[in-house]
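Please look over the strands, cores and one helix with me. My notes follow, point by point.

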Amino acid sequence: MIGGDRLDFEVRRNSAPVSAAERAALMANPGFGRIFTDHMVTIRYADGKGWYDAQVEPRAPIPMDPASAVLHYAQEIFEGLKAYQAADGGITMFRPEANAARFAASAQRMAMPVLPEQVFLDSLHQLVKIDRDWIPTGDGGSLYLRPFMFASEVFLGVRPALEYLYVLIASPVGSYFSGGVQPVTVWVSPTYTRAAPGGTGAAKTGANYAASLIAQGEAIDHGCDQVVFLDAVERRYIDESGAMNVFFRYDDDTLVTPPLGGTILAGITRDSVLRLATDAGLTVLERPVAFDEWRADAASGRLREVFACGTAAVITPIGQVRFPDGEFTIADGAPGEVTTALRQRLVDLQRGRAEDPYGWVHRV
């Protein structure tokens, strides 16, 4: 460590980077999470030594012993955020300090060492600066940043590992909605739950996502785009929609979202929406929303809009809901005016197209 919470990064440039022509071809239609930049960041941790050996290096496979602890006991956490080409030609990130804080909270819950938040931020800067040519300039494109950490100690035994590896990779991505923002259809799972009180629902750990995949498959089998989970205790209240938080907008301009309570991930987009909606004059409430209430309010017309939010898609309107006994539509099934306005406001902030009174936009 240098300077307390800082590390000195050794930079080793890729001697055979992707050519400009090939990079342009790859980025013409990058999709999501399939193309990766020339470099990555790695930082090691050892019990008694702390964080050390911070490297910016050519992206390459990670050597791993078959007895590495993560492969057996799933000590792993990750984050997701984006770097954007700003309107003035600069580079922005949106609220990376919040990702750093959540990464630390996830580490604590998973009995892992906490990476100092400044080191987390420095790693983002290092990678974005060296791979800035991979940031898409087209409308809706961005550079998706994936920091993650896992137990790398070689041992078999149920205890927190003594060695860890932090890695940061980056992937250019296109617009999540290539044909414009479209409402999705969701499946309310009667079988599977995402998290229980006292569990790891508030941590961004791979195990939560692995457990949700079968429910997502169930949703697809029923012709839906995404799954909505109910709470694990009473099987009544809305929890999350896949990996996204859910919001309900009523005809009295009240915006409601389920409270965190330890089972729901504290989404950074969620927190941003709460602030933007309040400043836009909506009455914002965090309270439990029962599925029966959702269905009844949609039928009466009191419920005007529903949307999910997260890093990848920003804000996604929900148009139709299916469940074992039937289905219902939210209003006319189209994106609502509040959903559309909040999404536009958020995107404009992220890309530096609007004044930022919150200090959310981080310049690289």
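**Notes on the model**

1. Helix α8 first. Its buried residues (under 20% relative accessible area, with exposed over 50% and partly exposed in between, for a 1.4 Å probe and protein chains only) are V338, T339, L342, R343, L346, V347, D348, L349 and Q350. An α-helix has 3.6 residues a turn, so residues three or four places apart point the same way.

2. Sources and numbering. This is a predicted model, in which local features need pLDDT of at least 70 and side-chain atom pairs count only at pLDDT 80 or more, while totals for chains, interfaces and linings use all residues. Residues are numbered from 1 along each chain as its sequence is written, and side-chain values use heavy atoms, with hydrogens and water left out.

3. Dimensions of α8. The helix covers residues 337–350, 14 residues in total. From first C-alpha to last it reaches 20 Å, close to the 20 Å expected (1.5 Å times one less than the number of residues). G352 follows α8 and has a positive phi, near 70°. Helices (H or I, at least four residues) and strands (E, at least two) are DSSP runs, numbered from the N terminus.

4. Strand β16. This strand spans residues 314–323 and is mostly covered, with nine of its ten residues buried. Pairing here requires that DSSP find at least two bridges between two strands. β9 (residues 184–188) runs parallel to β16, joined by four bridges. T185 stands opposite Q320 of β16.

5. The β17 side. β16 and β17 (residues 326–329) pair in the antiparallel sense over four bridges. A hairpin of two residues links them. Q320 stands opposite T329 in β17. Q320 thus appears in two pairings, opposite T185 and opposite T329.

6. Strand β15. Seven of its eight residues are buried, so β15 is largely enclosed by the rest of the structure. β15 (residues 303–310) runs antiparallel to β16, with four bridges. Three residues form the hairpin between β15 and β16. A308 faces T316 of β16, and F307 has P317 as its bridge partner there. β12 (residues 245–250) is also antiparallel to β15, through six bridges. N245 is partnered by C309 in β15.

7. Nonpolar cores. A core is a set of buried Ala, Val, Leu, Ile, Met, Phe, Trp, Tyr and Cys residues joined through side-chain atoms within 4.5 Å. The largest has 49 residues, of which I43, L145, M149 and Y166 touch the most other members. A second, separate core has 23 residues, including Y250, V289, W294 and F323.

8. A charge to check. Which side chain of opposite charge is nearest to E76? R146 is, at 6.3 Å. E76 is buried and has no salt bridge (a side-chain nitrogen of Lys or Arg within 4 Å of a carboxyl oxygen of Asp or Glu). Lys and Arg count as positive, Asp and Glu as negative; His and the chain ends are not counted. E76 lies in strand β4 (residues 76–78). Beyond its neighbours within four places in sequence, its contacts (heavy atoms within 4.5 Å) are V70, M112, F148, M149, F150, T205 and G206.
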